[in-house]
Amino acid sequence: AYNHSVSSTTPKVEIDPTSPVPLHEQVAAAIRRAIADGEAKPGERLPPARDLAAVLGLNSNTVFRSLHTLRDEGLLEFSRGRGVTVTGAAPQRSAVVNQARELVKLARRFGYGREELLQIIEQVT
């Protein structure tokens with residue numbers, strides 16, 4: 001595993017190229033952990049994706065994919081001029097979003113549509 005950092009405000013990111021876990025998921029997990037541990041604080045800007053990619057020795061698209069995942073989870077915010085900032089959303093939300101994604105994948109694999117899945121969720125709440 002390689003340990004890289006761009007600056008003191010950059011989350012510590014460890015990448016293991018031999019891991020079966022895709023690189024973009026490893027990067028997202030490391031940033032998620034940094035937010036949960038308070039290393040990357042709400043309102044703090046992350047280095048540009050290209051800079052992160054260069055330091056990590058990864059393709060920019062891999063890092064962009066990680067950042068987009070975290071944005072979809074509500075942990076990061078993209079804004080013109082400000083770049084990528086930590087939102088301050090609770091890491092628990094991220095965990096719930098991940099589980100919801102897995103549930104949707106499972107439901108699709110078994111042929112359940114959106115409405116059927118929503119009905120199932122209604123039944124169990």
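## Salt bridges and a helix with two faces

Counting pairs in which a side-chain nitrogen of Lys or Arg lies within 4 Å of a carboxyl oxygen of Asp or Glu, we arrive at five salt bridges. Keep in mind as we go that this is a predicted model.

Let's begin with the overall layout. The protein chain holds five helices and four strands, and from the N terminus on these elements run β-β-α-α-α-β-β-α-α. Of its 125 residues, 28% are buried. Among contacts with a separation of 6 or more, 47% join residues 24 or more positions apart. The chain exposes about 8,100 Å², with carbon and sulfur atoms supplying 52% of that area.

Now look at helix α3, residues 60–72. Its 13 residues should span 18 Å at 1.5 Å a residue, and this agrees with its end C-alpha atoms, which are 18 Å apart. At the N-terminal end, N59 acts as a cap: one of its side-chain oxygens lies 2.6 Å from the backbone nitrogen of N61. Beyond the helix comes G74, with a positive phi near 90 degrees.

Which residues of α3 are buried? They are T62, V63, S66, L67 and L70. These residues cover an arc of only 135 degrees around the axis, so they sit on the same side of α3. Their packing partners are α1 (23–36), α2 (49–56), β3 (76–79) and β4 (83–86). The face turned away from this buried side carries the exposed residues N61 and R65. For a single example from the buried side, take T62: its relative accessible area is 19%, and buried means under 20%, so T62 counts as buried. Leaving aside residues up to four places away in sequence, T62 touches L23 and H24.

Back to the salt bridges. Side chains of opposite charge can pair when their charged atoms come close. One such pair is D72 with R71, whose closest N and O atoms are 3.7 Å apart. D72 is partly exposed at 45% relative accessible area, and R71 is partly exposed at 35%.

Another salt bridge joins R101 and E73, with the closest N and O atoms 3.8 Å apart. R101 lies in helix α4 (residues 91–109) and E73 in the loop between α3 and β3, so this pair ties together parts that are 28 residues apart in sequence. E73 is buried, at 0% relative accessibility, whereas R101 is partly exposed, at 32%. Together with R32, these two residues form a network of salt bridges.

Finally, E115 and R114 meet through their side chains in a salt bridge, 3.3 Å from N to O. Both E115 and R114 are exposed.

Key:
Residues are numbered from 1 along each chain as its sequence is written. This is a predicted model: local features need pLDDT of at least 70, side-chain atom pairs count only at pLDDT 80 or more; totals for chains, interfaces and linings use all residues. Side-chain values use heavy atoms; hydrogens and water are left out. Helices (H or I, at least four residues) and strands (E, at least two) are DSSP runs, numbered from the N terminus. Buried means under 20% relative accessible area, exposed over 50%, partly exposed in between (1.4 Å probe, protein chains only). Contact means heavy atoms within 4.5 Å. The expected span of a helix is 1.5 Å times one less than its number of residues. The arc is that of the directions from the helix axis to the C-beta atoms. A polar contact is a pair of N or O atoms within 3.5 Å; within protein, one must be able to donate a hydrogen and the other to accept it, and residues adjacent in sequence count only if both atoms are side-chain atoms. Accessible areas come from the Shrake-Rupley method with a 1.4 Å probe; for residues, only the protein chains shown count as cover.
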